[in-house]
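Reader: I've got a protein open on my screen and would like to talk through its inside. Can you take my questions one by one?

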Amino acid sequence: MSTLTDTINNSRKIVIKIGSNVMSTPDGHIDRGVVGGLVDQYCRLIDSGKQIIVVSSGAGAFGAGAMGKIVLRHIVHYYQSLCAVGQVEMMMAYKEFFEKHGHRVAQMLLTRDDFASDERTLNIRNTLLTLVDEGIVPVINENDTVSVDEIKSIGDNDTLGAFTAKLWNADLYIILSDIDGIYDSDPKGNPGAKLIEEVHDIDALTEQIEIGAAGALGKGGISTKIRAARILEDVGIPTVLLNGGREDILIEAMHGRARGTGFFNNNDTGGNA
């Protein structure tokens, strides 16, 4: 099997980040088929003995869709209001889908300041440990109602997921995006672009590839995913990028039937557990 497949199978504590572009329809509503399918996979992982924490984007997109004001997402006070509305939409969907599988969810909204404070960091960790031990799935998002770029936010959930994985001492960080992984050039503009399946030197990678912009409904991009992998590289936690829009992507990757990009240390074979 591939290093990617071995890593997923050998990891018990997994943080999974899902991007807005995967979860939402073009008009900013929740893609219930995609979200329901992802939750089904999350629950299959849990039922197989793994522990997961979900870091979920989508509040801004879902708020814009619910209020029909997508064009106002770039006005700070409107964006904060859209996130407040969209966070409710998102958590209602997660609650509904997880309950179908007999699992309960909990919401955690965090900011950069929370990770900068030793006391808050300890509180976050203790809450996460308690929730997971009780069989409850934490769903984490940045608190965009009070945290935007102008007031020193984390800025993207790829980074938030890396902070969470590091704090929880996860075995693996999975980022589900709307592409298969990192390519040597933009696959949307170059049909001959090649997927880079294993990365062991991030500096060499950044010299090799073209880094594009974020998607229409998301704040991240390839650059934020590379930044997240860098954060975790020093503590020995591998990062895997997969296409969250592909059916059963997590299960297929576990069985060696899906491709993605993995950031690995040279001695990574998966898992700290």
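Reader: To start with, what percentage of the 273 residues of the protein count as buried?

Author: Keep in mind that this is a predicted model. A residue counts as buried when its relative accessible area is under 20%. Among the 273 residues of the protein, the share that meets this is 53%.

Reader: And how many helices and strands does the protein have?

Author: Here we just count the elements along the chain. The tally for the protein is 11 helices and 10 strands.

Reader: What share of the contacts with a separation of 6 or more comes from residues 24 or more positions apart?

Author: Take the contacts in the protein with a separation of 6 or more. Then pick out those between residues 24 or more positions apart, and you get 75%.

Reader: On to salt bridges: how many are there?

Author: The rule asks for a side-chain nitrogen of Lys or Arg within 4 Å of a carboxyl oxygen of Asp or Glu. By this rule, the count of salt bridges is 13.

Reader: Which residues are joined into one network by salt bridges that share partners?

Author: Start with aspartate 158 and lysine 17, which form a salt bridge with their closest N and O atoms 2.9 Å apart. Aspartate 158 also pairs with lysine 225, and there the closest N and O atoms are 3.0 Å apart. Salt bridges that share partners therefore give one network, and its members are Lys17, Asp158 and Lys225.

Reader: How many residues apart in sequence are the parts that aspartate 158 and lysine 17 tie together?

Author: Look at where the two partners of this salt bridge sit. Aspartate 158 belongs to helix 8 (residues 157-168) and lysine 17 to strand 1 (residues 13-18), so the pair ties together parts of the sequence whose separation is 141 residues.

Reader: Is lysine 225 buried or exposed?

Author: Lysine 225 is in helix 10, 67 residues away from its partner aspartate 158 in helix 8. Its partner has 1% relative accessibility and counts as buried. For lysine 225 the relative accessibility is 6%, and since the cut-off is under 20%, lysine 225 counts as buried.

Reader: What about glutamate 99 and lysine 95: by how much of a helix are they separated?

Author: These two form a salt bridge, with the closest N and O atoms 2.9 Å apart. Glutamate 99 is partly exposed at 42% relative accessible area, and lysine 95 is partly exposed too, at 44%. Because they are four residues apart in helix 5 (residues 76-99), their separation is about one helical turn.

Reader: Any empty space inside? What is the volume of the largest cavity?

Author: Rolling a probe the size of a water molecule over the atoms shows where empty space is left. The structure holds two cavities of 30 Å³ or more. The largest of them has a volume of about 90 Å³.

Reader: Which helix gives the most to the lining of the largest cavity?

Author: That lining has 14 residues, with Ala229, Glu233, Phe263, Phe264 and Asn265 nearest the centre of the cavity. By type, the lining splits into eight nonpolar, four polar and two charged residues. The most, three residues, comes from helix 10 (residues 222-233).

Reader: Last one: which residues line the second largest cavity?

Author: This cavity holds about 40 Å³ of space. Its lining has six nonpolar residues, with no polar and no charged ones. They are Ile8, Ile14, Leu45, Ile174, Leu250 and Met254.

How values were computed
Residues numbered from 1 in each chain as written. Predicted model: local features only at pLDDT ≥ 70, side-chain atom pairs only at ≥ 80, totals over all residues. Heavy atoms only, no water. 1 Å grid on protein atoms, 1.4 Å probe; cavity = no way out; pocket = protein on both sides within 12 Å on 5 of 7 lines; lining within 4 Å. Points joined across faces, edges and corners; volume = space filled by probe spheres on them. Helix = DSSP H or I, 4+ residues; strand = E, 2+ residues; numbered from the N terminus. Nonpolar A, V, L, I, M, F, W, Y, C, P; charged D, E, K, R; others polar. Buried < 20%, exposed > 50% of the residue type's maximum accessible area, 1.4 Å probe, protein only. Contact = heavy atoms within 4.5 Å.
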